[in-house]
Amino acid sequence: MARGGAGLTAPAQAGSGHRIAVGVAAAVVLGFLGLFFAWPVAAILGLGADGGVTGVLADPATWRLVAFTLGQAAGSTLLALLAGMPLAYVLARLAIPGKTVLRAMIMVPFVLPTLVVGMAFRALLGGDDGVSVLGIMLANGFFNVAVVARTVGGLWTHLDRRVEDTARSLGASRLRAFTSVTLPALLPALGSALAVVFLFCSTSFGVVLVLGGGRYRTLETEIYLRTVQLLDLRGAAALSLLQLAAIVAALVIAALARRRRETALRLRKAEETARPPQGGEWWIVGAAGVVVAALATPIVSLLLRSVSTRDGWSLAGYRALAGTGERGTLQVSGIDAALNSVRTAADATWLSLLIGLLASFVLIGVQRRTTAELLDTVLMLPLGVSAVTVGFGYLVTLDALPGDLRTSPLLVPFAQALVVTPLVIRMVLPVLRSIDTRLRQAAATLGANPWRVRWEIDVPLAARAVVAAAGFGFVVALGEFGATSFLARPDAPTLPVAIGRLVSRPGELNSQMAYAACALLMIVTIVAVIAIERVRGRTESVGEF
């Protein structure tokens, strides 16, 4: 069980040394968040409040922007829900071969860089002609299907199906049994998943930037436009304030849903709830197959587009990665940009692991449940707050530090680590919380001190989750585009930033080079996800992805 009674209560025998260690770890984590997240975001809020936010709020164009942002997010969330539910059922309730492969395939879209997803749908929908609201919603839905399938499926896996079977034996139809018995039990996970998906779709950047084509803009892309092109910093800050209010509301809803879910986990083992498909369940298997085929279609389109030109099939785009694009679009070659991506992602990974593991250590060491839940919500804030807002905040604050960090090459890894750290916590913390307290108590009874207990009990059991979190974090950092597009220097772009610049410039070679770079980034991501799924094995826990 994810909570199991062990998670939020520190071992009774923990001494003052343990409490001091928890305090020091909390100081390091909160200090990092305060310096590289709270301060920049607070500066943006202050700039917005001081810059005539009333005027921005009174502008009808602002509310049209808000309406479009929320409307496309709601439509995208609905698409992700419709596509994710058959996959959740297959993963949770059916014993079929190849579920590990299926789980990896579902996860691939979620970890693909948003810019790559936008380019894949642009290739699928026909270049500039593919600019449409439907294209944006399809791409955002594609990106978030895994959140619904994995979050809902994680809880569904452990629901006792004997209750549903009893309802069927009393005469209820399959639909009636589902709506009366299963759906109420799934509502907390559904609420949590939908809140997270809505959050991601509201702050989607790369997808809207590529598929909006300047015609359709959300709050996220408008903040970027006002900052980079119009130099309207106060207007951008006011919009950031508006966006932050919506994000905090969504996070509160998600936290409430998660709390309700965690109190309902008196469940069955996964091996006891899955069975071979029977009767009408084959229709659900077929629907899941259609969804998987739909998920694969943009990926295949992108791969085909990367090797097609006006003159036929060609590897010109891949060969061009050794250069700087048509008429010197880039200041470095595509290969150099790829190496920059690997270096910054590696730095972001070790930094996010350090902060994420310390944060997990603090969360299982805090005795008060309310304090732990509040701290957990605070640690999740960087996942919800726009990366564009964070990058913007760095530009207006970090010159106050010695050495003007705005020009430091460490700035991009810091920003990426902020995005990755909440994901590390969500992958490692449930495993630590699921460790039976009796194991720690037995070790302590045999004379092991608290540190020896952690080393002998927690480390071996959590090692696979930590390795998987490292791989997951590396992939996410590799494709991060929102904050990086603000912070990467022109002479040291990452690959997603280089792709963004290539797409924004005319020229057949630039377009081919951009698609080839997207294809390489996507292939690396797919290989990494498959490796992560193999490493994670049986460490997957209820409702977390």
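# Exercises on a predicted model

**Exercise 1.** Classify Phe-32 as buried or exposed, using its relative accessibility.

*Solution.* The model is predicted, and the values below are computed from it.
- Step 1. Phe-32 has a relative accessibility of 9%.
- Step 2. The limit for a buried residue is under 20%, so Phe-32 counts as buried.
- Step 3. The same limit applies to Phe-36, which counts as buried at 7%.
- Step 4. Both residues belong to helix H1 (residues 16–50); because they are four residues apart there, about one helical turn separates Phe-32 from Phe-36.

**Exercise 2.** Determine which class of ring pair Trp-156 and Phe-178 form, and state which helices the pair ties together.

*Solution.*
- Step 1. The ring centres of Trp-156 and Phe-178 are 5.9 Å apart, and pairing requires centres within 6.5 Å.
- Step 2. The planes stand at 40°, so the pair is tilted.
- Step 3. Trp-156 is part of helix H6 (residues 133–156) and Phe-178 of helix H8 (residues 174–202); the pair therefore ties together parts that are 22 residues apart in sequence.
- Step 4. The partners are covered as follows: Trp-156 is buried at a relative accessible area of 4%, whereas Phe-178, at 23%, is partly exposed.

**Exercise 3.** State how many aromatic pairs the structure holds, then describe the pair of Phe-32 and Phe-36 and the cluster to which these residues belong.

*Solution.*
- Step 1. The count is 13 aromatic pairs.
- Step 2. Phe-32 and Phe-36 are one such pair, with 5.3 Å from centre to centre and 45° between the planes, and it is tilted.
- Step 3. Ring pairs extend the association into a cluster of Phe-32, Phe-36, Tyr-394 and Phe-414.

**Exercise 4.** Assess how many residues of helix H17 (residues 387–397) are buried.

*Solution.*
- Step 1. Nine of the eleven residues are buried, and the helix is thus described as mostly covered.
- Step 2. Among the buried residues of H17 are Val-388, Val-390, Phe-392 and Tyr-394.
- Step 3. Tyr-394 is also a member of the aromatic cluster with Phe-32, Phe-36 and Phe-414.

**Exercise 5.** Give the volume of the largest cavity and identify which element contributes the most to its lining.

*Solution.*
- Step 1. The structure contains five cavities of 30 Å³ or more.
- Step 2. The largest cavity encloses about 590 Å³.
- Step 3. Its lining comprises 31 residues, with Thr-114, Phe-143, Phe-200, Val-419 and Glu-480 nearest the centre.
- Step 4. Elements that each give two or more residues to this lining include H6, H17, helix H18 (411–434) and helix H20 (450–479).
- Step 5. H18 gives the most, with four residues.

**Exercise 6.** Characterise the second largest pocket by its volume and its lining.

*Solution.*
- Step 1. The volume of the second largest pocket is about 700 Å³.
- Step 2. It is lined by 26 residues; Leu-209, Tyr-224, Gln-229, Gly-500 and Ser-504 lie nearest its centre.
- Step 3. Helices that each supply at least two lining residues include helix H9 (206–212), helix H10 (219–228) and helix H22 (495–504).

**Exercise 7.** Trace which helices contribute to the nonpolar surface patch that contains Leu-303.

*Solution.*
- Step 1. The patch, of about 310 Å², consists of Leu-303, Leu-520, Ile-523 and Val-527.
- Step 2. Helix H23 (residues 508–536) provides the largest share, three residues.
- Step 3. Leu-303 lies in helix H13 (residues 281–306).
- Step 4. Leu-303 has a relative accessibility of 33% and so counts as partly exposed; patch membership requires over 30%.

Key. Residues numbered from 1 in each chain as written. Predicted model: local features only at pLDDT ≥ 70, side-chain atom pairs only at ≥ 80, totals over all residues. Heavy atoms only, no water. Patch = residues over 30% accessible without salt bridge, like charges linked within 9 Å, V, L, I, M, F, W, Y side chains within 5 Å. Areas by Shrake-Rupley, 256 points an atom, 1.4 Å probe, with all protein chains shown as cover. Salt bridge = Lys/Arg side-chain N within 4 Å of Asp/Glu carboxyl O. Buried < 20%, exposed > 50% of the residue type's maximum accessible area, 1.4 Å probe, protein only. Phe/Tyr/Trp six-rings, centres within 6.5 Å; stacked < 30°, edge-to-face > 60°. 1 Å grid on protein atoms, 1.4 Å probe; cavity = no way out; pocket = protein on both sides within 12 Å on 5 of 7 lines; lining within 4 Å. Points joined across faces, edges and corners; volume = space filled by probe spheres on them.
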